[in-house]
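Reader: I'm new to this one and would like a close look at a single part of it. Could you take me through how the helices pack around one another, and then fit that into the rest?

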Amino acid sequence: MSPWWQAHSALHPDGAQLSLIMDRLWSPMFAAAVAIFALVAGALGWALLRRRAAAEAPDDPALERGMRWTVSLATACTVAVLLVLLGLDISVSRATSAAPGRDALRVVVTGHQWWWEIRYGDTTSQRGVATANEIHVPVGRTVVLELRSTDVIHSVWPISLSAKMDEIPGKTNSMWLRADRPGVFRGQCAEYCGHQHAQMGFLVVAETAGSFERWLQAQREAAAPPADDLARHGQQVFLSTCALCHAVAGTPASGRAGPDLTHLAGRATIAAGTLPNTRGNLAGWILDPQAIKPGAYMPPSQLAPPDLHAVVAYLETLR
Amino acid sequence: MARCVLLLGVAGVLLGCQDNPPARPVPGGDPAAGKQLLAERGCGSCHTIPGVSGANGLVGPPLDHFARRTYIAGEVINNADFLVRWIEVPQAIEPGTAMPNLGVTEGQARSMAAYLYTLH
């Protein structure tokens, strides 16, 4: 576990795109800024300490020539530094916006107030994969995110993996990232998008190619039918209470207003990175989401205690 | 003079009232670990619990002053044995309760109870 000041830091890259930006743009700019600050502070100190030559000989032509040279040299250095930084900026921008290779994995990330819909393309005749708030990626492979929005402008920021990119209604943007090591990396909406902008997080789960493929295959499966009476009762409660907004593949539940819950129990968080996915949080969130995320579009549910236990038990079967 | 004595007496009674009742010991319970568990298990999604980050739920009753409450769930006396059992298996204390069984071990329940008993 890294210390908190390194966790999810844009200054400690875990991915190829951010490494490139840090190594080729941020570090040189930082070094240049430090050097220029030191030079300017040094010159200021020298000017404060030296004798006031000008006051003693105001019309000395040699002094006038010296000042002209100094100002010209400083201007030329400033222009040169800015041109070098502009060159770095253009070259890094070209590298980060270059078209990724043909083997890149494509993932559609659609912003909603205030959660992320994640879809993996249907490249075969099999069902496409729909999940939410968790982007699984294979380590070392370039992943292209196709960015859309259904309501307002959001911005996808996988903090330690790549730069941020806006999601704009009516337009498809794209960005790429490549995780260098397995791990779970925090992401965040980076464009103010309304009441619960701050609680619009997501996770990037980077895993080995093999375990990623197993995950993707499992996500393609429909939900297994409930095996015991409690979960069967929970499914009935779900279908009568939740199904207009939430989908569970393999059941009549096909709502698209909220996240697809086909494999909810396999996700680490609920409510877009707001709470750990535990039984207690699930129950509290179902009953009173407005206390946890005021303004969220999920309404409170008044469930009788046996119905609450049943629906939570059913959701826990959705692995 | 008599008035002074009276005032001192009243002040003494008031101060006496403000004294915290003695902490209720929970054998084997670690309040710090319990506080952590209350946050991790999501108790705060339903309960407001002073000192626990994010615990501002309104679904169930607030747990402030828990050490001074007389009953648990309106069913049993508020003592360590009942509280540990209530956290472990709520249905055993109050069949039909909406409070879910969170699958905590007895040891974890002891720590959670120990933290709740720090709330005077």
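Author: Here is a walk through one helix and its neighbours, followed by the surroundings. Keep in mind that this is a predicted model.

Let's start with α8 of chain A, which covers residues 305–316. Chain A has eight helices in total, along with 12 strands. Two of those helices, α6 and α5, are worth looking at for how they pack against α8(A).

Take α6(A) to begin with, residues 279–287. The axes of α6(A) and α8(A) are 10 Å apart, and the angle between the two helices is about 120 degrees. An angle over 115 degrees but not over 145 counts as oblique, so that is the word for how α6(A) and α8(A) sit relative to each other. Their crossing is right-handed. On the α6(A) side, the residues that touch are A:Arg279, A:Leu282, A:Ala283, A:Ile286 and A:Leu287. Facing them from α8(A) are A:Leu308, A:Val311, A:Val312, A:Leu315 and A:Glu316. Sort that contact by class and you get eight nonpolar residues, two charged ones and no polar ones.

Now swing over to α5(A), residues 229–241. Here the axes are 7 Å apart and the packing angle with α8(A) is about 100 degrees. Angles of 65 to 115 degrees count as roughly perpendicular, which is therefore how α5(A) and α8(A) are arranged. From α5(A), the contact uses A:Leu230, A:Ala231, A:His233, A:Gly234, A:Gln235, A:Val237 and A:Phe238. The α8(A) partners are A:Asp307, A:Ala310, A:Val311, A:Ala313 and A:Tyr314. This contact has eight nonpolar, three polar and one charged residue. Look out for A:Val311: it belongs to the contact with α6(A) and also to the one with α5(A).

What about the rest of chain A? A couple of loops are fun to stop at. In the loop between β11 (269–270) and β12 (275–276) you'll find A:Ala272. A:Ala272 isn't a glycine, yet its phi is positive, at about 60 degrees. A:Ala272 is buried, with 24 other C-beta atoms within 10 Å. Something similar turns up at A:Asn133, in the loop between β3 (129–132) and β4 (134–138). The phi of A:Asn133 is near 65 degrees, again a positive value in a residue other than glycine. A:Asn133 is buried too, with 22 other C-beta atoms within 10 Å. Then there's the loop between β1 (105–112) and β2 (115–120), home to A:Trp114. The peptide bond leading from A:Gln113 into A:Trp114 is cis, with omega near -5 degrees.

Step back and chain A fills a box of roughly 100 × 45 × 40 Å, going by its C-alpha atoms. Its radius of gyration is 27 Å, where a compact globule of 319 residues would have one near 20 Å. Of those 319 residues, 33% count as buried.

Finally, chain B. There, α2 (residues 31–40) and α5 (residues 106–116) pack at about 100 degrees, with axes 7 Å apart, and are therefore roughly perpendicular to each other. Among the residues that meet are B:Leu37 and B:Leu38 in α2(B) and B:Met112 and B:Tyr115 in α5(B). As for how the chains touch, 16 residues of chain B are in contact with 17 of chain A. On the chain B side, those residues divide into seven nonpolar, seven polar and two charged.

Methods: Residues numbered from 1 in each chain as written. Chains lettered and ligands numbered in written order. Predicted model: local features only at pLDDT ≥ 70, side-chain atom pairs only at ≥ 80, totals over all residues. Contact = placed C-beta atoms within 7 Å. Nonpolar A, V, L, I, M, F, W, Y, C, P; charged D, E, K, R; others polar. Helix = DSSP H or I, 4+ residues; strand = E, 2+ residues; numbered from the N terminus. Rg over C-alpha atoms; globule rule 2.2 N^0.38 Å. Buried ≥ 20, exposed ≤ 12 C-beta atoms within 10 Å, placed from the backbone. Axes fitted to C-alpha atoms, helices over the stretch in contact; angles between N-to-C directions. Parallel < 35°, antiparallel > 145°, perpendicular 65-115°, else oblique. Left-handed = near helix turned anticlockwise from the far one by under 90°.
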